Amino acid sequence: MNPGPYSSSGNQFRKGFIQSRMQNFGLTMIVMGASFGLYYLGLFGTVDGPLRPARIGDQLAAAGFTNRHLLLIMLGCMGIAIVWNWIYNALCRLMNWRMTCACRSDAGGGFCTASARRERAGRYVCAEGHVRPDARFHPVAKGTVGHFMWMMFAIFSAILIYLT
């Protein structure tokens with residue numbers, strides 16, 4: 001069976017212990033460097049700098065930014081976090097991306113799983129040469145991070161509604 005681009009049985013590269021430790025160490029150093037930079041720019045409020053929260057608040061208030069504006073931004077971000085994968089899946093379906101062959105494979109009884117493209121005649125042709133009137137679409141599902149983001153924006157919006 002030939003694993004396609006969206007099948008779970010494809011060969012995946014496995015990292016070794018040392019390589020994964022070095023990658024985690026490098027990411028930790030990047031995050032620590034960014035945190036030090038933000039600290040010395042004053043984002044955490046202990047050092048006087050251009051990113052000090054009081055200074056940012058004064059500049060936003062001088063520009064006319066209110067709690068309602070922040071609430072609208074939070075609600076907009078929540079809406080985007082909820083519907084981004086619906087829009088992406090609709091575009092993929094319209095453009096015929098993320099399609100695989102729906103032909104039954106001779107060996108194993110599964111599907112062919114080779115990527116398929118649509119011809120002008122309305123038929124789908126896969127890399128194996130199968131010609132079918134239909135193909136399987138593989139939608140992108142919202143994961144843990146996506147659900148966390150919309151819930152976070154919903155909670156921030158509820159806090160802003162309570163405070164205003």
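## Overall architecture

Read from the N terminus, the elements of the chain follow the order α-α-α-β-β-β-β-β-α, which amounts to four helices and five strands. The radius of gyration is 25 Å, well over the 15 Å that the globule rule gives for 164 residues, so the chain is more spread out than a compact globule. The model is a predicted one, and the descriptions that follow should be read with that in mind.

Along the principal axes, the C-alpha trace spans about 70 × 45 × 25 Å. Of the 164 residues in the chain, 20% are buried, and about 12,200 Å² of surface is exposed, with carbon and sulfur atoms supplying 64% of that area. When contacts between residues at least 6 apart in sequence are considered, 47% of them join residues at least 24 apart. The chain carries 16 positive and 6 negative charges, and the mean positions of these two groups lie 3 Å apart.

## The three-stranded sheet

Three strands form an open sheet in the order S2-S3-S4, and their pairing is antiparallel. Strand S2 (116-118) and strand S4 (131-132) stand at the edges, each with a single partner strand, so one side of each is left without a neighbour in the sheet. In general, the strands of a sheet pair through backbone hydrogen bonds, in either a parallel or an antiparallel manner.

The pairing between S2 and strand S3, which covers residues 124-126, is antiparallel and extends over three bridges. Arg-118 stands opposite Tyr-124 in S3.

## The loop between H3 and S1

Helix H3 (67-95) and strand S1 (99-101) are joined by a loop in which Asn-96 lies, and Arg-98 lies in the loop between H3 and S1 as well. Most residues other than glycine have a negative phi. Asn-96, although not a glycine, has a positive phi of about 60 degrees, and Arg-98, likewise not a glycine, also has a positive phi of about 60 degrees.

## A residue of the final helix

Ala-154 belongs to helix H4, which comprises residues 144-163. Is this alanine buried, exposed or partly exposed? Ala-154 has a relative accessibility of 25%, and because buried means under 20% and exposed means over 50%, Ala-154 counts as partly exposed.

Ala-154 can also be placed relative to Gly-57, from which it is 97 residues away along the chain, with 22 Å separating the C-alpha atoms of the two residues.

Conventions
Residues numbered from 1 in each chain as written. Predicted model: local features only at pLDDT ≥ 70, side-chain atom pairs only at ≥ 80, totals over all residues. Heavy atoms only, no water. Pairing = 2+ DSSP bridges. Helix = DSSP H or I, 4+ residues; strand = E, 2+ residues; numbered from the N terminus. Rg over C-alpha atoms; globule rule 2.2 N^0.38 Å. Buried < 20%, exposed > 50% of the residue type's maximum accessible area, 1.4 Å probe, protein only. Contact = heavy atoms within 4.5 Å. Areas by Shrake-Rupley, 256 points an atom, 1.4 Å probe, with all protein chains shown as cover. Lys, Arg positive; Asp, Glu negative; His and termini not counted. Charge placed at Lys NZ, Arg CZ, Asp CG, Glu CD.
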